[in-house]
Amino acid sequence: MDSLLKPDRSGLLVALAAGGTLALVLIAQYGFGLPPCEMCHWQRWPHIAALVLGLAALALPRWRAPLLGLAALSFTITGGIGVFHAGVEWKWWQGLTSCSSTSTATTLEDLRAQLMAAPVVRCDEAAIRVLGLSMAGWNALWSAALAAFALLAARRAAKGTA
């Protein structure tokens with residue numbers, strides 16, 4: 001584990017973990033036909049931020065510790081969204097009460113056609129469960145582990161230990 005936490009490798013590992021997570025959800029979406037709901041999209045943004053922060057930590061050694069700390073915060077945020085989303089799926093609390101739209105329709109007929117063709121993706125129903133957990137639940141667990149790793153790497157980088 002110590003060799004993985006070397007400051008010169010930690011940014012790369014954070015970027016690879018975030019990028020791999022994003023690749024996995026895109027494969028689920030486009031390869032297996034599991035369209036994301038709005039909260040699924042919310043969980044992706046902090047992973048994108050962690051990817052960028054990890055690459056920045058790799059490229060900017062002087063700023064490595066704070067960048068890895070921000071990556072840990074990004075993983076914590078996406079994990080928190082994952083916990084909330086999983087709770088909505090398990091009906092522990094209410095989720096969103098509104099919908100969002102990315103419609104580009106200019107006429108009522110175009111809008112009607114887009115609405116009829118669009119899949120209905122509910123935030124309170126898991127598209128798939130693996131070992132009893134939805135993708136949101138797995139994101140919460142995985143992101144907690146990544147946050148701990150990034151935080152530990154940030155602390156080691158701040159101390160200058162290899």
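# Exercises on a predicted model

At 38% relative accessibility, Leu-26 counts as partly exposed. The model is a predicted one, and the exercises below work through its helices, its buried positions and its aromatic residues.

## Exercise 1. Leu-26 and its surroundings

Place Leu-26 in the secondary structure, and state which residues outside its sequence neighbourhood it contacts.

Solution. Step 1: the element that holds Leu-26 is helix H1, which covers residues 7–31. Step 2: once neighbours within four places in sequence are set aside, Leu-26 touches Gly-31 and Arg-44. Step 3: Leu-26 and Arg-44 are 18 residues apart along the chain, and their C-alpha atoms are separated by 10.0 Å. Step 4: Arg-44 belongs to the buried residues of H2, whereas Leu-26 is partly exposed, because its 38% falls between the limits of 20% and 50%.

## Exercise 2. The span of helix H2

Compare the reach of helix H2 with the span expected at 1.5 Å a residue, and list the buried residues of H2.

Solution. Step 1: helix H2 runs over residues 38–59 and has 22 residues. Step 2: the expected span takes 1.5 Å times one less than the number of residues, which gives 32 Å for H2. Step 3: from first C-alpha to last, H2 reaches 33 Å, close to the expected value. Step 4: the buried residues in H2 are Met-39, Gln-43, Arg-44, Pro-46, His-47, Ala-50, Leu-53, Gly-54 and Ala-57. Step 5: for reading such a list, an α-helix has 3.6 residues a turn, so positions three or four places apart point the same way.

## Exercise 3. Ser-74

Decide whether Ser-74 is buried or exposed, and name its contacts beyond four places in sequence.

Solution. Step 1: Ser-74 sits in helix H3. Step 2: its relative accessible area is 8%; buried means under 20%, so Ser-74 is buried. Step 3: apart from neighbours within four places in sequence, Ser-74 is in contact with Pro-46, Ala-49, Ala-50 and Leu-53. Step 4: Pro-46, Ala-50 and Leu-53 are among the buried residues of H2.

## Exercise 4. Aromatic pairs and a surface patch

Classify the aromatic pairs of the structure, and give the residues of the nonpolar surface patch.

Solution. Step 1: there are 2 aromatic pairs in the structure. Step 2: Phe-84 and Trp-93 make a stacked pair, with 6.2 Å from centre to centre and 10° between the planes. Step 3: Trp-92 and Trp-93 are edge-to-face, because their planes stand at 65°, with the ring centres 6.0 Å apart. Step 4: Phe-84, Trp-92 and Trp-93 therefore belong to one aromatic cluster. Step 5: Phe-84 at 30% and Trp-93 at 37% relative accessibility are partly exposed, while Trp-92 at 60% is exposed. Step 6: the patch measures about 540 Å² and is made by Val-83, Phe-84, Trp-90, Trp-92 and Trp-93. Step 7: Trp-90 lies in the loop between helix H3 (64–89) and helix H4 (108–117), and is partly exposed at 40%.

## Exercise 5. The whole chain

Give the order of the elements, the buried share and the makeup of the exposed surface.

Solution. Step 1: the protein has 5 helices and 2 strands, in the order α-α-α-α-β-β-α from the N terminus. Step 2: 35% of its 162 residues count as buried. Step 3: about 9800 Å² is exposed, and carbon and sulfur atoms supply 69% of that area. Step 4: of the contacts between residues at least 6 apart in sequence, 77% join residues at least 24 apart.

Methods:
Residues numbered from 1 in each chain as written. Predicted model: local features only at pLDDT ≥ 70, side-chain atom pairs only at ≥ 80, totals over all residues. Heavy atoms only, no water. Patch = residues over 30% accessible without salt bridge, like charges linked within 9 Å, V, L, I, M, F, W, Y side chains within 5 Å. Areas by Shrake-Rupley, 256 points an atom, 1.4 Å probe, with all protein chains shown as cover. Salt bridge = Lys/Arg side-chain N within 4 Å of Asp/Glu carboxyl O. Helix = DSSP H or I, 4+ residues; strand = E, 2+ residues; numbered from the N terminus. Buried < 20%, exposed > 50% of the residue type's maximum accessible area, 1.4 Å probe, protein only. Contact = heavy atoms within 4.5 Å. Phe/Tyr/Trp six-rings, centres within 6.5 Å; stacked < 30°, edge-to-face > 60°.
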